[in-house]
Amino acid sequence: PESNNQNAYQPVVEQPSLKNCYIKFWQNYTNFSGRSRRSEYWFVVLANILISLVNVIPYVGQVLYVIYTLAIIVPALALIVRRLHDLGKEWYNIFFILIPIVGQIMMLVWLCTDSQVGANKFGKNPKGIN
């Protein structure tokens, strides 16, 4: 019985999957607040890479890919800002990516870094670890 009581107090955290993360990506189209897990970001990157394969189809695929690329600009920026929030960083840190090589490496390291443990000023830890 004691182990059941311990599990009752465990936060219920959604297990990320490619499908769930991609749906959440579009549901949070213009949401620049809160936090996003590392897996949420990288599953969306994987989905976008897979979708980019349509680009190999001559003309029609390329036109569709350009339209898709324009459509994901805002949600991709929102996701990156939420990912930075997960690390406790402000939105304007996204501009580091404009610094050639050094800024891009720094952004890649940040995007690969684990969530800040516990709640921060941007919200609760999306992993449920507090």
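Me: In which helix is Y41 found?
Reply: This is a predicted model, in which local features need pLDDT of at least 70, side-chain atom pairs count only at pLDDT 80 or more, and totals for chains, interfaces and linings use all residues. Residues are numbered from 1 along each chain as its sequence is written, while side-chain values use heavy atoms and leave out hydrogens and water. With helices taken as DSSP runs (H or I, at least four residues) and strands likewise (E, at least two), both numbered from the N terminus, Y41 is found in α3.

Me: Is Y41 buried or exposed?
Reply: Buried means under 20% relative accessible area, exposed means over 50%, and partly exposed lies in between, with a 1.4 Å probe and protein chains only. Because its relative accessibility is 11%, Y41 counts as buried.

Me: How far apart in space are Y41 and R83, C-alpha to C-alpha?
Reply: If residues up to four places away in sequence are not counted, Y41 touches L79, I80, R83 and L111, where a contact means heavy atoms within 4.5 Å. One of these partners, R83, is 42 residues from Y41 in sequence, and the C-alpha to C-alpha separation is 7.1 Å.

Me: Which residues is N48 in contact with, leaving aside its neighbours within four places in sequence?
Reply: N48 also lies in helix α3, and it counts as buried because its relative accessibility is 15%. Leaving aside the neighbours within four places in sequence, its contacts are Y22, Y68 and I72.

Me: What volume does the largest pocket have?
Reply: On a 1 Å grid over the protein atoms alone, a pocket is an open set of points where a 1.4 Å probe fits, with protein on both sides within 12 Å along at least five of seven lines, and its lining residues have an atom within 4 Å of a point. Here that lining holds 15 residues, of which F25, N48, I72, A76 and I80 lie nearest the centre. Grid points are joined across faces, edges and corners, and a volume is the space filled by probe spheres set on the points. For the largest pocket it is about 260 Å³.

Me: Which elements give two or more residues to the lining of the largest pocket?
Reply: By residue class, this lining divides into 13 nonpolar, 2 polar and no charged, where Ala, Val, Leu, Ile, Met, Phe, Trp, Tyr, Cys and Pro are nonpolar, Asp, Glu, Lys and Arg charged, and the others, Gly among them, polar. From F25, N48, I72, A76 and I80, which lie nearest the centre, one may turn to the elements giving two or more residues, namely α3 (38–52), α4 (60–71) and α5 (73–86).

Me: Which element supplies the largest share of the largest nonpolar core?
Reply: A nonpolar core is a set of buried Ala, Val, Leu, Ile, Met, Phe, Trp, Tyr and Cys residues joined through side-chain atoms within 4.5 Å. The largest has 17 residues, and F25, L84, I94 and M107 have the most contacts inside it. At least two residues each come from α2 (18–27), α3, α5 and α6 (102–112), and the largest share, 4 residues, is supplied by α5.

Me: What is phi of Y59 near?
Reply: Most residues other than glycine have a negative phi. Y59 sits in the loop between α3 and α4 and counts as exposed because its relative accessibility is 64%. Its phi is positive, in a residue other than glycine, and is near 55°.
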